[in-house]
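Me: I have a new structure open and would like to go through it slowly. Could you help me with that?
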Amino acid sequence: MQYGVFTEEQTMQYLKKLGFEKKPENSLDSLSLLLSRHQQLLPFENLDCMAMKKLSLTPAALYDKIVAGSRGGLGLELNSAFYMLLAALGFKTESFGARLFEADGSLKPELHRINCVELEDRRYVCDAGLFVETARVPLLLECDAEQDDGENFYRFAKNDDGSVLLEKKEKFFRSPLYVFKPEPFAEELFEEALKFCVEADSSPYNKGNKISIHTHNSFAFIYGDTLKYKRKGRVTKQLCIEDRYQMNKLLDTVFHINFGEIRYVYQETENREE
């Protein structure tokens, strides 16, 4: 499956944004560093969904928004951009469509994208952006082995239908993150999923602020009008956001978001995360 890639100039500017002065070598250490910096510098955010703005997964659109525009994006956008960067750097990469879970345990459609990189005959799953905390390191695509990213533990489990479940263990509790089939997913289907995220009444991304980012030793996220920090499954700090001016400041200082052209940045919600 062939997806779009960045130009040489776009690639170098993307690397510069991630703190690289030159192209890294194709190694697991380099992949780990690319993923870590991506998660800590480019946030998950649904502000364009809240504004009902048309989105696209073309290289030009992603570069203009995430790299040149100092923004983040949905998981579909962040992982599409990360795929294009890895492909431009020569990593052997493919993308899978992933299904998140509803509150009742049922599965959503494929509204998320994850990347799988092959290195030395081993495959590693990299997730560059999701509203909830994801693995800070590339995860070896090997079922039933518990993997530690320094903060939480993760495990893949194979289902009877051939799909794979990714679980996360925080403290003593294990929770499912998503299910995916380890096979290439068509680019046009990712575009359809992105349109659904913006326009559909049942979309989980157009009804309230959802913004998150990995920090060096915690995970920060805004849900509605509340900012929280988590570490190893425990909320360590919480702040109620009082107005749009405070929201704008947090977007800038915590999430590295350029909000100059964002029309919608603040909305109170009664459906706060517990």
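Reply: We can go through cysteines, aromatic rings, helices and one strand residue, keeping in mind that this is a predicted model.

Me: Cysteines, then: how many disulfides does the structure hold?
Reply: The structure holds zero disulfides.

Me: Why is there no bond for Cys126?
Reply: The cysteine sulfur closest to that of Cys126 belongs to Cys116, and because the two are 8.0 Å apart, they are too far for a bond, given that a disulfide needs the sulfur atoms within 2.5 Å.

Me: And what about Cys143, how far is its sulfur from the closest cysteine sulfur?
Reply: For Cys143 the closest cysteine sulfur is also in Cys116, at 12 Å, which is again too far for a bond.

Me: Are those two buried or exposed?
Reply: Cys126 counts as buried, because its relative accessibility is 0%, whereas Cys143, at 31% relative accessibility, counts as partly exposed.

Me: Changing topic, how many aromatic pairs are there?
Reply: The structure holds 11 aromatic pairs, and one of them joins Phe6 and Tyr14, whose ring centres are 5.4 Å apart and whose planes stand at 65 degrees, so the pair is edge-to-face. Both Phe6 and Tyr14 are buried.

Me: Which other ring does Phe6 pair with?
Reply: Phe6 also forms an edge-to-face pair with Tyr63, with 6.4 Å from centre to centre and 65 degrees between the planes. This pair links distant parts of the chain, since Phe6 lies in the segment before helix H1 (8-17) and Tyr63 lies in helix H4 (residues 59-68), 57 residues apart. Tyr63 is buried, as is Phe6.

Me: Which rings are linked into a cluster?
Reply: Ring pairs join Phe44, Phe131, Tyr205, Phe219, Phe221 and Tyr223 into a cluster.

Me: What sits over the rings of Phe20 and Phe153?
Reply: Over the ring of Phe20 sits the charged end of Arg37, 4.6 Å from the ring centre, while the charged end of Lys169 sits over the ring of Phe153, 5.4 Å from its centre.

Me: Back to H4, which of its residues are buried?
Reply: In H4 the residues Leu62, Tyr63, Lys65, Ile66 and Val67 are buried, and the buried residues of this helix pack against H1, strand E1 (44-45), helix H3 (47-50) and H5. Just after H4 comes Ser70, which takes a positive phi of about 55 degrees.

Me: You mentioned H5, so how does H2 cross it?
Reply: Helix H2 (residues 28-41) and helix H5 (residues 75-88) have axes that come within 12 Å and cross at roughly 150 degrees, and the crossing of H2 past H5 is right-handed.

Me: Which residues meet there?
Reply: From H2, Leu31, Leu34, Leu35 and His38 meet Leu78, Phe82, Leu85 and Leu86 of H5.

Me: Last one, where does Phe101 lie, and what is it in contact with?
Reply: Phe101 lies in strand E2 (residues 92-101) and counts as partly exposed, because its relative accessibility is 23%. Leaving aside neighbours within four places in sequence, Phe101 is in contact with Ser106, Leu107, Lys108, Leu165, Pro176, Leu177, Tyr178 and Val179.

Me: How far apart are Phe101 and Arg174 in space?
Reply: From C-alpha to C-alpha, Phe101 and Arg174 are 14 Å apart in space, and in sequence they are 73 residues apart.

Terms used. Residues are numbered from 1 along each chain as its sequence is written. This is a predicted model: local features need pLDDT of at least 70, side-chain atom pairs count only at pLDDT 80 or more; totals for chains, interfaces and linings use all residues. Side-chain values use heavy atoms; hydrogens and water are left out. Buried means under 20% relative accessible area, exposed over 50%, partly exposed in between (1.4 Å probe, protein chains only). Rings of Phe, Tyr and Trp (its six-membered ring) pair if their centres lie within 6.5 Å; planes under 30 degrees apart count as stacked, over 60 as edge-to-face and the rest as tilted. Helices (H or I, at least four residues) and strands (E, at least two) are DSSP runs, numbered from the N terminus. A charge sits over a ring if NZ of Lys or CZ of Arg is within 6 Å of the ring centre and within 35 degrees of the ring normal. Axes are lines fitted to C-alpha atoms, for helices over the stretch in contact, and angles run from 0 to 180 degrees between N-to-C directions. A crossing is left-handed if the near helix is turned anticlockwise from the far one by less than a right angle, and right-handed if clockwise. Contact means heavy atoms within 4.5 Å.
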